[in-house]
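Trainee: Before we discuss details, could you show me the structure, and then take me through how its features are read?

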Amino acid sequence: MTLAETLFGSTSQGEYSLALMNGELRPCPVGREIAIHSPTDGTLLGQVAALTHDEIDAALASAAGAQPAWAERPVEQRAAVLERAADLLLEHAPTVARCLEREIAKRRSDSLDEVRRSADFLRFTAEEGKRLSGESFFGDAFPGFKRNKIGFTYRVPLGVVLAIPPFNYPVNLAISKIAPALVAGNAVVLKPPTQGSLSALLMTVLLLEAGVPPEVLQFVTGRGSDIGDYLVTHPRVGMITFTGSSATGRRIARLAGMVPLLMELGGKDAAVVLRDADMALAAKDIVSGAFSYSGQRCTAVKRVLVTEPAAEALLHELLPRVKRLTVGRPEDDADVTPLINHEAADYVQELIDDALARGARLLVGNQREGNLLWPTLLDGVTEAMRLAWEEPFGPVLPILRVRDAAEAVRIANASEYGLQAAIFSRDVNAALRIAARLDVGTVQLNGKTARGPDHFPFLGTKSSGLGAQGIRYSLEAMTRPKSIVFNLAEQAGLEEVA
Ligand code: NAP
Ligand code: G3H
């Protein structure tokens, strides 16, 4: 029986309690089980192991030991493994998606999209990995040097990449780290988000089944608060790629020291709406941008900055669309589903309550059943309210009315975050002038804020990140140039060459 058959057999009954060590599935050690419950109804979905420091050491030693041989393999072979993994992921997409749906309460269609998008990511990365190359230089471009000094570079892997994805994309944001790392010749230690580790386990087993050597891809489970510091300061880690909250990102950056970091962190993306915008388009994109996966996306539209003359027209389009959103269970494909846990819902409620207490006007929502929150739209939000600045990670959208584009830019840039922003206007010249002034990684013109397509650069400024992801960008971040310099003898001509 293959690993995948063993695991997929047990998940269909929804009862696994497993640790994956060096490619071997073992029962969770007694006393060290971490129970994973469904955010939707509290059902016990499975258990993963809280690994000890010794087990983490063994995983890292194994990865470090196996990495040079993996890097020695022709890149075409590493790419072929990723291609096979994409096939397997698609073959098992319904099972993996079902696990996502149950484990992180992502609605059915979006769970399936996450898996398919990950297969597409694997294929594109396999191709792009084969194109990773270097540069060549002649010395005479720099004063004092001659053309007989010739340098060339090629890219080499960084060793063991520690990959830490967040709960909201436990498969896709794991693949977006693992795939470029592997094709570039690194070994990977994946520390999945605890809520999300069952889905990540399924995905990892498929990668192993596809031919990634078990030593080269290690799966290390345990709560970030318990094993995070140990992992990020481990001497065998050659690079850390992290997606998650800015608070955790800052902690890792403080602890990790001289290790290259790639970080995608929190956001407070603004949608700026001007008077001449296509309001129907703006409203459609703002609603899907703000409320898909119940607002639990770093790139969610998290505030609307609308100029006063545009406000009523925008609300006229926005409000009915928010009212039409369905609220319910992920398996029913509801637009808005339960948040990842009750603490997350409490935090969102706190921000709504603060805004209402300070005079915001409730247009729709502010209804709650446990961790299920109804989509909430608040008008008249001001800079005095927490909701203007904090990242709720839930289905609430504040509307801040501004005088003009200059005020929109000022408020947008006053945020500690700088992930993305959107501008809705028919005036391309004005939109470009505004875009140039926004301190964010990406500005979307007449479209919602979003990470994809996955070969685009994806990055944040300020508290939103460090470095750039995106397939080619990730490949570059997970490798470094190796430079070789020829110092040729100076020769007058070819006469003496026989
Ligand atoms: P989080 O609490 O920071 O957790 C992210 C990951 O870090 C999880 O795997 C977590 O493991 C782990 N972790 C926790 N403490 C750690 C530590 N001390 N050292 C090392 N790892 C540690 O974030 P989240 O709640 O999962 O995700 C929500 C946040 O992520 C939001 O702020 C959102 O904006 C941001 N996000 C950003 C992007 C982006 O691309 N910019 C994408 C997605 C999410 P455990 O699960 O075991 O705690
Ligand atoms: O949550 C953060 C993700 O990187 C957002 O990705 O825009 O495709 O939902 P997305």
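Mentor: We will go from the whole chain to its domains, and then to single residues and the backbone. Keep in mind throughout that this is a predicted model.

Trainee: Let me begin with the overall fold: how many helices and strands does the chain have?

Mentor: The chain has 15 helices and 26 strands. Its radius of gyration is 25 Å, close to the 23 Å that the globule rule gives for 498 residues, so the chain is as compact as a globular protein of that length. The C-alpha trace spans about 85 × 65 × 40 Å along its principal axes.

Trainee: What percentage of the residues count as buried, and what can be said about the surface that the chain exposes?

Mentor: Of the 498 residues, 55% count as buried. The chain exposes about 20,400 Å², of which carbon and sulfur atoms supply 53%. As for charge, there are 52 positive and 59 negative side chains, and the centres of these two sets lie 3 Å apart.

Trainee: Which share of the contacts comes from residues 24 or more positions apart?

Mentor: If we consider the contacts in the chain with a separation of 6 or more, residues 24 or more positions apart account for 71% of them.

Trainee: How should I divide the chain into domains, and where do their bounds fall?

Mentor: The domain assignment gives domain 1 as 3-265 + 464-482, and domain 2 as 270-455. The contact between them takes 28 residues from domain 1 and 24 residues from domain 2. Taken over C-alpha atoms, the centres of domain 1 and domain 2 are separated by 31 Å.

Trainee: Now to single residues: is Gly-196 buried or exposed, and where does Gly-196 lie?

Mentor: A residue counts as buried when its relative accessible area is under 20%. Gly-196 has 0% relative accessibility and therefore counts as buried, and its place is the loop between β8 (187-190) and α7 (197-210). Leaving aside neighbours within four places in sequence, Gly-196 is in contact with Glu-103, Ile-104 and Pro-170. You can also relate Gly-196 to Cys-99, which is 97 residues apart from it along the chain, with 8.8 Å between the two C-alpha atoms.

Trainee: Which residues of helix α12 could we read in the same manner?

Mentor: Take Gln-349, which is found in helix α12 (residues 342-357), and Asp-354, whose place is in helix α12 as well. Gln-349 counts as buried at 14% relative accessibility, and Asp-354 counts as buried at 14%. Apart from neighbours within four places in sequence, Gln-349 is in contact with Asn-366, Arg-368 and Leu-373, whereas Asp-354 is in contact with Met-385 and Arg-386. For separations in space, the C-alpha atoms of Gln-349 and Leu-190, 159 residues apart along the chain, are separated by 33 Å, while those of Asp-354 and Met-263, 91 residues apart along the chain, are separated by 30 Å.

Trainee: What would Phe-458 add to this, and with which residues is Phe-458 in contact?

Mentor: Phe-458 is placed in strand β22 and counts as buried at 5% relative accessibility. Once neighbours within four places in sequence are left aside, its contacts are Glu-264, Cys-298, Thr-299, Leu-419, Gln-420, Arg-451, Ala-468 and Gln-469. One of these, Gln-469, is eleven residues apart from Phe-458 in sequence, and their C-alpha atoms are 5.0 Å apart in space.

Trainee: Finally, how do I read the backbone angles?

Mentor: Most residues other than glycine have a negative phi, and most peptide bonds are trans. With that in mind, look at Asp-333, which has a positive phi of about 60° although it is not a glycine, and at Phe-393, which has a positive phi of about 55° although it is not a glycine either. Asp-333 lies in the loop between α11 (308-324) and α12, and with a relative accessible area of 29% it is partly exposed. Phe-393 is found in the loop between β17 (376-379) and β18 (396-402).

Trainee: And which peptide bond is cis?

Mentor: The bond from Gly-452 to Pro-453 is cis, with omega near -5°. Pro-453 itself lies in the loop between β21 (442-445) and β22 (458-459).

Note on methods
Residues are numbered from 1 along each chain as its sequence is written. Chains are lettered from A and ligands numbered from 1 in the order in which they are written. This is a predicted model: local features need pLDDT of at least 70, side-chain atom pairs count only at pLDDT 80 or more; totals for chains, interfaces and linings use all residues. Side-chain values use heavy atoms; hydrogens and water are left out. Helices (H or I, at least four residues) and strands (E, at least two) are DSSP runs, numbered from the N terminus. The radius of gyration is taken over C-alpha atoms; the globule rule is 2.2 Å times the number of residues to the power 0.38. Buried means under 20% relative accessible area, exposed over 50%, partly exposed in between (1.4 Å probe, protein chains only). Contact means heavy atoms within 4.5 Å. Accessible areas come from the Shrake-Rupley method with a 1.4 Å probe; for residues, only the protein chains shown count as cover. Lys and Arg count as positive and Asp and Glu as negative; His and the chain ends are not counted. The place of a charge is taken as NZ of Lys, CZ of Arg, CG of Asp or CD of Glu. Domain bounds come from an automatic or database domain assignment.
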